[in-house]
Amino acid sequence: MGNHLALVTDGASLVIDYDMPLLLDACQAAGVRAEICSWQDPDIAWERFDAVLLRSPWSYVENLPQFLEWCEYVTDVVPLFNPLPVVRWNLDKHYLADLAAAGVPVVPSGFVAPGEDPAAALRAFLAGPGRGAELVVKPTVGAYSRDVQRFPRQAAAEAAAHLGKLLDQGRHVILQPYLDRIDQHGETDLIYFDGVYSHAIRKRALLLPDGTVDEPTQDARAARAAAEDERAVAAAALDAAAAHLGLREPLLYGRVDLVRDADGKPVVLELELGEPSLSMPFSEGSAARFARAIAERLEETSRKRKSR
Ligand SMILES: Nc1ncnc2c1ncn2[C@@H]1O[C@H](COP(=O)(O)OP(=O)(O)O)[C@@H](O)[C@H]1O
Ligand SMILES: [Mg+2]
């Protein structure tokens with residue numbers, strides 16, 4: 001049976017991948033022969049594996065073209081989980097517009113492209129409905145809170161400067177109202193394996209009032225049971241993603257990050273279908289659930305290969 005799996009990380013990220021040790025053990029228990037590999041290791045013969053699972057290749061943020069090139073190469077020789085079209089779509093937060101178009105509640109988002117005038121784009125955004133007292137400026141391609149900043153409305157000049165800096169780097173940018181319920185309630189990140197809800201965590205607010213930006217480290221997280229309304233929005237977001245991408249089977253893994261808006265309704269902050277941290281240390285049994293889903297997917301993949 002084809003049960004040889006590459007768990008993909010990179011040299012710097014492995015030490016902050018707290019899921020990896022749990023997943024490695026759980027894979028072994030589920031009969032999956034898993035090996036930790038760096039996507040940047042030129043000596044790995046990827047075709048040796050039956051599948052390649054993205055876990056913590058987080059150095060991709062500074063190496064996006066190389067990472068996509070590597071994904072394309074791997075996809076040609078062996079199945080990639082999640083598949084490349086999913087990863088590619090999910091790398092860019094423009095996907096929020098696709099989710100909104102499908103009727104999924106998302107954080108209201110304005111998109112600004114390089115070449116646009118930052119001050120004018122900001123004014124137009126702030127004139128929209130429900131903007132609130134503060135706003136958030138962030139790149140559409142980014143991770144780990146990098147380059148995400150929060151500004152009071154009155155600090156429009158500072159916000160425009162940050163926006164202009166990102167645009168000058170050739171990056172697309174999202175403008176959002178700062179949803180301040182996050183200060184008390186945090187965000188809720190829901191984790192799904194094979195389309196089935198596994199567990200959730202609370203992540204505290206990372207954008208502090210003084211402008212400090214925290215990273216989503218382990219101490220920012222705690223176990224939390226997702227509420228019914230959160231489960232419903234997360235499931236709708238995953239369904240909409242699958243429909244948009246024309247997927248025929250549930251995503252092997254996915255994470256949906258929700259915050260509550262000014263009316264208290266859950267809205268999508270982020271959908272993570274590429275290389276999400278899965279907060280497995282916060283949920284007993286989650287690694288085993290994921291490993292079982294992986295084992296089934298591997299079996300299915302080898303059945304399909306044989307029948308070809
Ligand atoms: N519109 C918003 N309202 C409140 N907090 C936000 C908003 N956007 C981002 N944040 C905060 O910034 C963090 C990072 O933003 P996020 O959209 O998750 O980007 P990424 O994790 O890809 O860097 C979030 O976890 C949240 O704490
Ligand atoms: Mg995030």
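How do the residues of the shell around ligand 1 divide into nonpolar, polar and charged? In this predicted model, the split is 12 nonpolar, 3 polar and 4 charged. The views below start with that shell and then move to two backbone spots.

**View 1. Ligand 1 and its closest neighbours.** There are 19 residues around ligand 1, and the ones that come nearest are Lys 93, Lys 138, Ser 145, Glu 187 and Glu 270. Zoom in on the two lysines: a polar side-chain atom of Lys 93 sits 2.6 Å from an oxygen atom of the ligand, and Lys 138 also puts a polar side-chain atom 2.6 Å from an oxygen atom of ligand 1. With Ser 145 it's the backbone that does the job, with a polar atom 2.7 Å from a ligand oxygen. As for cover, ligand 1 on its own would expose 540 Å², and the protein buries 96% of that.

**View 2. The pocket that holds ligand 1.** Ligand 1 takes up the space of the largest pocket. Three elements each give two or more residues to the shell: strand S6 (134-139), strand S8 (173-177) and strand S13 (266-272). Pull back to the domains, and the ligand lies between domain 2 (95-103 + 181-273) and domain 3 (110-177), because both give residues to the shell.

**View 3. Ser 145, seen from its backbone.** Back to this ligand neighbour, now for its own geometry. Ser 145 belongs to the loop between S6 and strand S7 (149-152). Its phi is near 65°, a positive value in a residue that isn't glycine.

**View 4. A cis peptide bond at Phe 81 and Asn 82.** The bond joining Phe 81 and Asn 82 is cis, with omega at about -20°. Asn 82 is in the loop between strand S4 (80-81) and helix H3 (84-90).

Conventions. Residues are numbered from 1 along each chain as its sequence is written. Chains are lettered from A and ligands numbered from 1 in the order in which they are written. This is a predicted model: local features need pLDDT of at least 70, side-chain atom pairs count only at pLDDT 80 or more; totals for chains, interfaces and linings use all residues. Side-chain values use heavy atoms; hydrogens and water are left out. A residue is near a molecule or strand if one of its heavy atoms lies within 4 Å of it. A polar contact is a pair of N or O atoms within 3.5 Å; within protein, one must be able to donate a hydrogen and the other to accept it, and residues adjacent in sequence count only if both atoms are side-chain atoms. Accessible areas come from the Shrake-Rupley method with a 1.4 Å probe; for residues, only the protein chains shown count as cover. On a 1 Å grid over the protein atoms alone, a cavity is a set of points where a 1.4 Å probe fits but cannot get out, and a pocket is an open set with protein on both sides within 12 Å along at least five of seven lines; lining residues have an atom within 4 Å of a point. A molecule sits in a cavity or pocket if more than half of its atoms lie within 2 Å of its grid points. Helices (H or I, at least four residues) and strands (E, at least two) are DSSP runs, numbered from the N terminus. Ala, Val, Leu, Ile, Met, Phe, Trp, Tyr, Cys and Pro count as nonpolar, Asp, Glu, Lys and Arg as charged, and the others, Gly among them, as polar. Domain bounds come from an automatic or database domain assignment.
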